[in-house]
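Q: Could you take me on a close look at one part of this protein, a single strand and the packing that surrounds it? I would enjoy a connected account.

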Amino acid sequence: MPSATPSHTLLPGAPDSPVILHVPHSSREIPEAVREGLVIDDAALERELDHITDAHTAELAESAARLSGLAPWRFVNRLSRLVVDPERFPDEREEMLAVGMGAVYTRTTHRGVLRPAGFDPGPLIERYFRPYARAMTEAVAGRLAAVGRVVIIDVHSYPSVALPYELHGAGPRPPVCLGTDSFHTPPELTAAARDAFADCGGTGVDSPFGGAYVPLEFYGRDARVGALMVEIRRDTYMTEPGGPAGPGLTGLASALAALVDAVTG
């Protein structure tokens, strides 16, 4: 199942930076062999990509990296999350399996059919998910070896109005949602993010989305790995659902750079 597009890219930052900006959901790219396994037509696929893609988040991370005093590293998914979602658990631990959106989605954001009944996710897991996970694990290990610590900042976006697939969509939808982990997100990391995004309309914690991504080799085991998810409400910087970026992106990039600087130390 070859792909002309690399499934992920590690963009080096400063040798002594502990920060990795992780951008997992910014791409719309789907290899043709994967497209053949989706049951929706091209028009429906474009609509689904509008809803599911965290549009312009790769641009946001790139701008923040340029503005940071010490450039962070960036790990960017070059393929759509409709290929695989690298942030899901690849097994029964994943709560999104309840709506057909585990590591390999079988349902759409509106709970329609995306892949046929009985679809085997195994080949996609082996071809895309596991190599991505290994590469991210190596990126984290590299920062630990070089600096002795790492802070993963996940860069996401989310719609202003809840979509049917959301399991926790009834809660607050602040301009910036900070996703935390009880082991990997110390209070000072959350506080630094609140300060950095203070002028972006307000922050909330773990609603409508919670948690933070850490490669499984380190998850719950290595406190030198810090992690925070930054979920930016899309109406603050773009035309929803899949339109162009607006002027709000500039301020958000400055805020993200301020967070990078704060946790770089």
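A: Happily; here is a walk through strand S2 and its surroundings.

This is a predicted model, in which local features need pLDDT of at least 70 and side-chain atom pairs count only at pLDDT 80 or more, while totals for chains, interfaces and linings use all residues. Residues are numbered from 1 along each chain as its sequence is written, and side-chain values use heavy atoms, with hydrogens and water left out.

Let's begin with the strand itself. S2 covers residues 19–23, and because 5 of its 5 residues are buried, the strand is largely enclosed by the rest of the structure. Buried here means under 20% relative accessible area, exposed means over 50%, and partly exposed lies in between (1.4 Å probe, protein chains only). Helices (H or I, at least four residues) and strands (E, at least two) are DSSP runs, numbered from the N terminus. Both faces of S2 are covered: one side carries the buried Val19, Leu21 and Val23, and the other carries Ile20 and His22, also buried.

Now for its partners. Two strands pair if DSSP finds at least two bridges between them. S2 pairs in the parallel sense with S4 (residues 150–158) over 4 bridges, and His22 has Asp154 as its bridge partner in that strand. S2 also pairs with S3 (residues 73–77), in the parallel sense and over 4 bridges; there, Ile20 has Trp73 as its bridge partner.

The strand also feeds into the packing. A nonpolar core is a set of buried Ala, Val, Leu, Ile, Met, Phe, Trp, Tyr and Cys residues joined through side-chain atoms within 4.5 Å. The largest one has 33 residues, and those with the most contacts inside it are Ile153, Phe197, Val230, Leu256 and Leu259. S2 is among the elements that give two or more residues to this core, and others include S4, S5 (176–179), S7 (225–233) and helix H6 (248–264). H6 supplies the largest share, 9 residues. In soluble globular proteins, nonpolar side chains tend to be buried together.

Ile153 ties several of these pieces together. Contact means heavy atoms within 4.5 Å. Leaving aside neighbours within four places in sequence, Ile153 is in contact with Val19, Ile20, Leu21 and His22, and its other contacts include Leu228, Val230, Leu256 and Leu259. Apart from this core lies another, of 29 residues, among them Ala44, Met101, Leu124 and Tyr165.
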